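Biologist: I have a new structure open and would love some company while I look through it. Shall we take it one question at a time?

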Amino acid sequence: MRWENERRSQNVEDRRGQKGRARNGLGKSAGFPIPLKGKSGLAILVIVIAAGYFGLDLTPILNGELPFGNQQSQQGQTQYVATPEEKEMAEFTSVALAKTEDLWIARFREQGMQYREPTLVMYSGSTNTACGYGQAAMGPFYCPADEKVYLDLSFYQDMKRNLGGGGDFAQGYVIAHEIGHHVQHLLGVTTKMREMQSRVNQVEANKLSVKLELQADCFAGIWGRSIQDQNLLDVSDISEAMNTAAAIGDDRLQKQARGTVVPDSFTHGTSKERQEWFMRGFNTGSIQACDTFSQR
Ligand SMILES: [Zn+2]
């Protein structure tokens with residue numbers, strides 16, 4: 001993908017070098033975890049309240065990761081030094097995110113709706129989220145409760161080593177898939193799907209989960225199409241995305257992990273299904289064509 005001269009997103013939150021701290025009751029609004037000790041605590045509280053007026057994002061502060069003041073006493077605050085390769089991956093991530101913004105702002109506008117831009121959090125190792133404690137081993141994920149995508153850049157390395165080779169467009173596919181979950185959240189698909197899941201058994205619930213995931217793949221395909229329409233695709237890009245889709249299919253992953261495949265336990269779809277739905281989004285560029293729920 002030819003991305004170097006393209007716009008960077010303003011919605012990247014860089015938490016690399018900060019350590020998340022596991023707390024109890026995460027995801028259930030665990031109170032107000034600011035260390036209110038002495039004057040500095042009070043000062044922070046004042047700043048938090050003042051910043052609230054201006055709509056600033058104080059998540060790092062609320063998580064106990066202070067960007068100013070007595071950093072010496074804060075654990076886990078280390079200067080993060082990115083390798084040149086990581087720098088490039090972070091730059092690319094920012095461009096890929098900006099491309100999802102351009103795409104979905106326009107698409108929502110066509111439907112008379114407004115797209116709310118999500119934040120992409122880059123972190124290293126672990127971090128706190130409104131959906132619980134995020135760890136790199138979980139892979140990239142989207143949290144609807146805070147409308148943020150969480151990405152540890154080491155996932156890109158994993159992709160390169162274990163998941164079909166990687167490449168920039170493959171990374172873009174992963175980002176576009178996670179943003180696809182944000183789109184589903186905004187369209188109300190996620191809530192509806194969770195309601196449906198609560199009324200059925202595990203096997204049926206898994207099938208619904210597969211439909212949600214394949215729709216996110218299809219939305220990623222629409223993103224890929226928008227990249228093509230801007231003449232930014234390289235010849236190898238589509239095969240990069242296809243390799244990745246194949247590598248992260250449930251059947252492939254299960255075969256690797258335990259040697260057998262249990263289709264009833266699939267939650268993301270097979271390699272073939274993931275490829276097909278990505279290509280459907282890519283070929284049609286149409287949200288309607290991504291209706292995985294009315295299929296079969
Ligand atoms: Zn997903």
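Biologist: Which elements do the buried residues of H4 pack against?

Modeller: Happy to help, and please keep in mind that this is a predicted model. Helix H4 spans residues 154–162, and its buried residues are Phe-155, Tyr-156 and Met-159. The elements that these buried residues pack against are H3, E6, helix H5 (168–187) and helix H8 (237–247).

Biologist: Why do Phe-155, Tyr-156 and Met-159 lie on the same side of H4?

Modeller: Here a general rule helps: an α-helix has 3.6 residues a turn, so residues three or four places apart point the same way. On the other side of H4 you find Arg-161 and Asn-162, which are exposed. Phe-155, Tyr-156 and Met-159 are buried. They share a side of H4 because the arc they cover around the axis is only 105°.

Biologist: Is H8 largely enclosed or open, and how many of its residues are buried?

Modeller: Let's look at its surroundings first. What covers the buried residues of H8 includes H4, H5, helix H9 (250–258) and helix H10 (271–284). Among the buried residues are Asp-237, Glu-240 and Met-242. H8 is largely enclosed by the rest of the structure, because the number of its residues that are buried is 8 of the 11.

Biologist: Now to the sheet: what is the order of its strands?

Modeller: The sheet is open, and its pairing is mixed. Its edge strands, E1 (12–14) and E5 (141–143), each pair on one side only. From one strand to the next, the twist averages 25°. The order of the 4 strands is E1-E2-E6-E5.

Biologist: Which residue is the bridge partner of Tyr-142 in E6?

Modeller: Strands E5 and E6 (residues 148–152) run antiparallel and are joined by 3 bridges. The partner of Tyr-142 in E6 is Val-149.

Biologist: At what angle to E2 does helix H3 run?

Modeller: Helix H3 covers residues 84–110 and lies across E1, strand E2 (119–123) and E6. Its angle to E2 is about 165°.

Biologist: Last one: how many residues apart in sequence are the parts that His-177 and Glu-213 tie together?

Modeller: The protein donors of the zinc ion are His-177 (NE2), His-181 (NE2) and Glu-213 (OE), at 1.9 to 2.1 Å from it. Along the chain, the donors follow the spacing H-x3-H-x31-E. His-177 is buried at a relative accessible area of 5%, and Glu-213 is buried too, at 10%. Because His-177 lies in helix H5 and Glu-213 in helix H7 (residues 202–229), the pair ties together parts whose separation in sequence is 36 residues.

Methods: Residues numbered from 1 in each chain as written. Predicted model: local features only at pLDDT ≥ 70, side-chain atom pairs only at ≥ 80, totals over all residues. Heavy atoms only, no water. Pairing = 2+ DSSP bridges. Helix = DSSP H or I, 4+ residues; strand = E, 2+ residues; numbered from the N terminus. Axes fitted to C-alpha atoms, helices over the stretch in contact; angles between N-to-C directions. Contact = heavy atoms within 4.5 Å. Buried < 20%, exposed > 50% of the residue type's maximum accessible area, 1.4 Å probe, protein only. Arc of directions from axis to C-beta. Donors = N, O, S within 2.8 Å, 3.2 Å for Na, K, Ca; no water.
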